[in-house]
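Biologist: I should like to go through the cysteines of this model with you. Please set each value against its definition.

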Amino acid sequence: MVKCANCSKEAVVRLSYNKTDLCGNCFCDLFENRVKSANRDFKLITLNQKVGVGVSGGKDSAALLYVLSHIVKNIHGTTLIPILIDEGISGYRDQAILKARELCDSLDLQLRIFSYKDGFKLSMDEIMKMKKANPTGGYERSCTYCGVFRKTLLNKAALELGCDTLAIGHNADDIAQTFLMNLLHNEPDRLKRFDVINDEVEGFVPRIKPLIYNLEKEAALYCELKELPYHRGECPYSNESFRGEIKNFLNGLEQKFPGVKFNLLRSYLAMRKELEKASNFERMFPNGEGFEDMEMFIKAVGMADPSLKIAGFSDDAPSKSKNEYSNDTEPQISGSKHDLSHKISFKKSTASKYQKCKNCGQNSSTGLCKACSFIESINEKRNSANGDLNKPKRAKSAMKK
Ligand code: SF4
Ligand code: ZN
């Protein structure tokens, strides 16, 4: 019998990233303590708060809601409101809703449901049906629409319910995936905005991620051990997501090299610290343009924090001495010269003052929020497809005459 490293009872799980065997009770304690640590480290939930909890019926949000329901008992005046967003995916979300209801009932919490159909007059099933009927119509990936709609509706719901903050079930896997996706998409601005607790911005309920120190499979195991109801099915449209690719990639890596996901999380958290220091950039470039080019970036980094090393960049610009770009006198990556030129352009920061979406009134960085612009473009595609369908018929009948 393999013994628990903590209490010597029979172990039920091996944490391969730190070679530790744990029994069910000790594992659940660890899982809960990590949520408490995240709460302490990032000051996520405080006194007298109305905390919206995004629930989906899946394992992450089930574990989140269950652990938070116990934690808030010791936080004076703080209450939870579970919020579920129904995308309108038959055979999937409708099943998950049953599980979410079951869990909420057992915790004596009232589940609030908001649907795409009510919010946007379109369900995901309808959008995917249109896309299937018109595959060359220039539709986005399912998860691109769905992610924007969910975020928008969740925020609307939290505002409507008067929530001070919104807890979501993002775990260490999600953080590692998002970190990597933003790197691979060259999205420094998103990377900057992405945080364990989002800043308070007028019109947006701050979102918190109390599961950041737990892995996805640990959330599933926690649900199993606590016998929490959760839906095991997979979204039929998930195969279209870039995140899905990254998820599979990281899962494969984690199997071969246990600990890579937590290492990505650590790197992300370390980078956050450096970004905080470097946020002096913004004051140096008050119009919020971001970094015009590599030269500006390196100068800004050097001036914001002389000890900050940007590996490999210090000897990139041939026309200037490397000391002008960094305090390091030696190149930081050995080997051949890198072909990164100082002409590399960074995506411009989109950070700007918010205005109201002319359609739905939500705060948005442009005149039309992303969700409304998607709806507009889907409706245009639908109308033009209907027009195309009608045209040949009219032409045919005209020919008959
Ligand atoms: Fe929406 Fe994509 Fe998630 Fe399915 S997998 S619910 S389409 S975001
Ligand atoms: Zn134990």
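Biologist: What makes C4 buried or exposed?

Modeller: The model is predicted, local features need pLDDT of at least 70, side-chain atom pairs count only at pLDDT 80 or more, and totals for chains, interfaces and linings use all residues. Residues are numbered from 1 along each chain as its sequence is written, chains are lettered from A and ligands numbered from 1 in the order in which they are written, and side-chain values use heavy atoms, with hydrogens and water left out. Buried means under 20% relative accessible area, exposed over 50%, and partly exposed in between (1.4 Å probe, protein chains only). C4 has a relative accessible area of 4%, so C4 is buried.

Biologist: Which protein atoms are donors of the zinc ion (ligand 2)?

Modeller: Donors are N, O and S atoms within 2.8 Å of the metal (3.2 Å for Na, K and Ca); water is not among the atoms, so sites may look incomplete. The SG atoms of C4, C7, C23 and C26 lie 2.2 to 2.3 Å from the zinc ion (ligand 2) and are its protein donors.

Biologist: Why is the arrangement around the zinc ion (ligand 2) called tetrahedral?

Modeller: Four donors count as tetrahedral if all angles lie between 85 and 135 degrees. The 4 donor atoms subtend angles of 100 to 118°, and the arrangement is therefore tetrahedral.

Biologist: Why is C372 not bonded to the sulfur of C369?

Modeller: A disulfide is a pair of cysteine sulfur atoms within 2.5 Å. C369 holds the closest cysteine sulfur to that of C372, at 3.6 Å, which is too far for a bond. By this rule the count is 0 disulfides.

Note on methods: Four donors count as tetrahedral if all angles lie between 85 and 135 degrees; four count as square planar and six as octahedral if opposite donors are over 155 degrees apart and all others between 65 and 115; anything else is irregular.
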